[in-house]
Amino acid sequence: MSSQPTEPHQHHEDEALGFDDLTRDIAEVPAVEVITTVAVHLMSAAAVKCGLAEGGEADKDLDEARKLITALAGLVTAGAPEISNFHAAPLRDGLRSLQLAFREASLVPDAPGTGPGEKFTGPVYS
């Protein structure tokens, strides 16, 4: 039994077809769903990096958490007017919880207004 290598041209056509299918699929997704999905992914990653997930301290990386929380804050702040308060309110709550968790996890907490994402949200107090 010998297997025949696929033609390079055929492989590229298959990849293009997959990309076209993906493009069509994403075109059907409402913007509010894309924004909230990205926000949830950022929240989940930030929670892991704050040490709040099953791995706890082993996965804790506050430098990475700061970046993720800041990106989340920018997305939530900019996206809120576009996605309605119905969708934005839980994202804001999750963001605030992460900002507070970050502050608690830090050995030397940031001054109010200088924590991750606070340039977008304003100071976060417990």
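In which helix is the place of Ser84? In this predicted model, Ser84 lies in helix 3. That helix, residues 62-105, pairs with helix 2, residues 31-49, and it also gives the largest share of the largest nonpolar core, 13 residues.

**Helix 2 and helix 3**
- The axes of helix 2 and helix 3 come within 8 Å of each other and cross at roughly 150 degrees.
- Helix 2 is therefore roughly antiparallel to helix 3, the angle being over the cut-off of 145 degrees.
- The crossing of these two helices is left-handed.
- Where helix 2 contacts helix 3, the residues comprise 21 nonpolar, three polar and two charged.

**The largest nonpolar core**
- This core has 19 residues, and the members touching the most others are Ile69, Leu72, Leu91, Leu95 and Leu98.
- Helix 2 and helix 3 are the elements that contribute two or more residues to the core.
- Helix 3 supplies 13 of the core residues, the largest share.
- Leu95, one of the core members that touch the most others, is in contact with Met43, Ile69, Leu72, Ala73, Val76 and Thr121, leaving aside residues up to four places away in sequence.

**Ser84**
- Ser84 has a phi near 80 degrees, a positive value in a residue other than glycine.
- Most residues other than glycine have a negative phi.
- With a relative accessible area of 33%, Ser84 is partly exposed, because this value falls between the 20% limit for buried and the 50% limit for exposed.

Conventions. Residues are numbered from 1 along each chain as its sequence is written. This is a predicted model: local features need pLDDT of at least 70, side-chain atom pairs count only at pLDDT 80 or more; totals for chains, interfaces and linings use all residues. Side-chain values use heavy atoms; hydrogens and water are left out. Axes are lines fitted to C-alpha atoms, for helices over the stretch in contact, and angles run from 0 to 180 degrees between N-to-C directions. Helices (H or I, at least four residues) and strands (E, at least two) are DSSP runs, numbered from the N terminus. Angles under 35 degrees count as roughly parallel, over 145 as roughly antiparallel, 65 to 115 as roughly perpendicular and the rest as oblique. A crossing is left-handed if the near helix is turned anticlockwise from the far one by less than a right angle, and right-handed if clockwise. Ala, Val, Leu, Ile, Met, Phe, Trp, Tyr, Cys and Pro count as nonpolar, Asp, Glu, Lys and Arg as charged, and the others, Gly among them, as polar. A nonpolar core is a set of buried Ala, Val, Leu, Ile, Met, Phe, Trp, Tyr and Cys residues joined through side-chain atoms within 4.5 Å. Buried means under 20% relative accessible area, exposed over 50%, partly exposed in between (1.4 Å probe, protein chains only). Contact means heavy atoms within 4.5 Å.
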